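Me: I would like to learn how to read a structural model feature by feature, taking the general idea before the particular case. Could we work through one together?

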Amino acid sequence: QVQLVESGGGLVQPGGSLRLSCASSGSIHSFNAVGWYRQAPGKERELVAHIITGVRDRTNYADSVKGRCTISLDYAKNTVNLQMNSLTPGDTAVYYCHADQLYIGQKYDFWGQGTQVTVFS
């Protein structure tokens with residue numbers, strides 16, 4: 001069973017930056033995709049950014065964070081990081097690390113426990 005542990009959330013003022021990290025108990029090489037989702041109060045969970053691992057590590061960002069966020073992988077440390085800049089109150093949410101594996105035609109999803117990001121004036 002893969003465990004994902006997030007860190008780096010907190011309180012920040014508008015325009016500020018935060019760096020979220022997610023440590024995986026399993027090798028990132030074993031994942032089909034790894035990334036970050038968020039859920040604001042009263043809203044559904046949404047994709048922030050993810051990487052389809054492989055030869056080119058293809059990235060995908062939500063339109064709302066393009067140009068402000070950068071996702072990256074550290075294969076040596078089995079971590080996935082999310083650098084968030086120019087934060088706004090609209091970025092306030094619980095951020096979840098996610099990874100999935102494909103095995104014999106089945107997709108397995110793994111989630112972290114979440115880390116709170118609050119952007120306030």
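Reply: What follows takes up sheets, the nonpolar core, cysteines and salt bridges in turn. Please keep in mind throughout that this is a predicted model.

Me: Let us begin with the strands. Which strands form the open sheet, and in what order?

Reply: As a general idea, the strands of a sheet pair through backbone hydrogen bonds, and the pairing may be parallel or antiparallel. Here four strands make up an open sheet in the order β1-β3-β8-β7, with antiparallel pairing. Since β1 (4-7) and β7 stand at the edges, each has a single partner strand, so one side of each is left without a neighbour in the sheet. Neighbouring strands of this sheet are turned against each other by 15° on average, when direction is ignored.

Me: How many bridges pair β1 with β3?

Reply: Four bridges join β1 to strand β3 (residues 18-24), in the antiparallel sense. Within this pairing, E6 stands opposite C22 of β3, and C22 is a residue to which we shall return.

Me: And which strands pair with β11 in the parallel and in the antiparallel sense?

Reply: Strand β2 (residues 10-12) runs parallel to β11 and is joined to it by three bridges, with V12 standing opposite V119. The pairing of β9 with β11, also over three bridges, is antiparallel, and there the bridge partner of V94 is Q116 in β11.

Me: Which side chains along β11 are buried?

Reply: The side chains of β11 alternate: T115, V117 and V119 point to one face and are buried, whereas Q116 and T118 point to the other face and are not buried.

Me: That leads me to the interior. Which residues of the largest nonpolar core touch the most other members?

Reply: The general idea is that nonpolar side chains tend to be buried together in soluble globular proteins. In this model the largest nonpolar core has 31 residues, and those touching the most other members are W36, I71, V80, L82, M84 and Y95. At least two residues of this core are supplied by each of β3, β4 (33-39), β5 (46-52), β7, β8, β9 and β11 (115-119), and the largest share, four residues, comes from β9.

Me: Taking I71 as an example, what is it in contact with, leaving aside neighbours within four places in sequence?

Reply: With those neighbours left aside, the contacts of I71 include V34, G35 and W36, then A49, H50 and I51, and also V80, N81 and L82. T59 and Y61 are likewise in contact with I71.

Me: Now the cysteines. Which of them form a disulfide?

Reply: In general, a disulfide is a covalent bond between the sulfur atoms of two cysteines. A search of the whole structure finds one disulfide, formed by C22 and C97, whose sulfur atoms are 2.1 Å apart. The angle about the S-S bond is -85°, and the link of C22 and C97 is left-handed. Because C22 lies in strand β3 and C97 in strand β9, the pair ties together parts that are 75 residues apart in sequence. Both C22 and C97 are buried.

Me: What about C69: is that residue buried or exposed?

Reply: C69 counts as buried, because its relative accessibility is 7% and the cut-off for that class is under 20%. C69 is in no disulfide, and the nearest cysteine sulfur, that of C97, is 15 Å away.

Me: Finally, how many salt bridges are there, and which parts of the chain does the pair R68 and D91 link?

Reply: A useful way to read a salt bridge is to take the N to O distance first, and then to ask where the two partners lie. The count comes to five salt bridges, including that of R68 with D91, where the closest N and O atoms are 2.9 Å apart. This pair links distant parts of the chain, since R68 lies in the loop between β6 (58-61) and β7 (69-74) and D91 in the loop between β8 (79-84) and β9 (93-103), 23 residues apart. Both R68 and D91 are buried.

Me: Are the partners K66 and D63 buried or exposed?

Reply: The side chains of K66 and D63 meet in a salt bridge at 3.1 Å, N to O; K66 is partly exposed, with a relative accessible area of 49%, while D63 counts as exposed at 65% relative accessibility. Another salt bridge joins the side chains of D109 and K107 at 2.8 Å, N to O, with D109 partly exposed at 39% relative accessibility and K107 partly exposed at a relative accessible area of 45%. Salt bridges that share partners also join R38, E46, R68 and D91 into one network.

Definitions and conventions: Residues are numbered from 1 along each chain as its sequence is written. This is a predicted model: local features need pLDDT of at least 70, side-chain atom pairs count only at pLDDT 80 or more; totals for chains, interfaces and linings use all residues. Side-chain values use heavy atoms; hydrogens and water are left out. A salt bridge is a side-chain nitrogen of Lys or Arg within 4 Å of a carboxyl oxygen of Asp or Glu. Buried means under 20% relative accessible area, exposed over 50%, partly exposed in between (1.4 Å probe, protein chains only). Two strands pair if DSSP finds at least two bridges between them. Axes are lines fitted to C-alpha atoms, for helices over the stretch in contact, and angles run from 0 to 180 degrees between N-to-C directions. A nonpolar core is a set of buried Ala, Val, Leu, Ile, Met, Phe, Trp, Tyr and Cys residues joined through side-chain atoms within 4.5 Å. Contact means heavy atoms within 4.5 Å. A disulfide is a pair of cysteine sulfur atoms within 2.5 Å.
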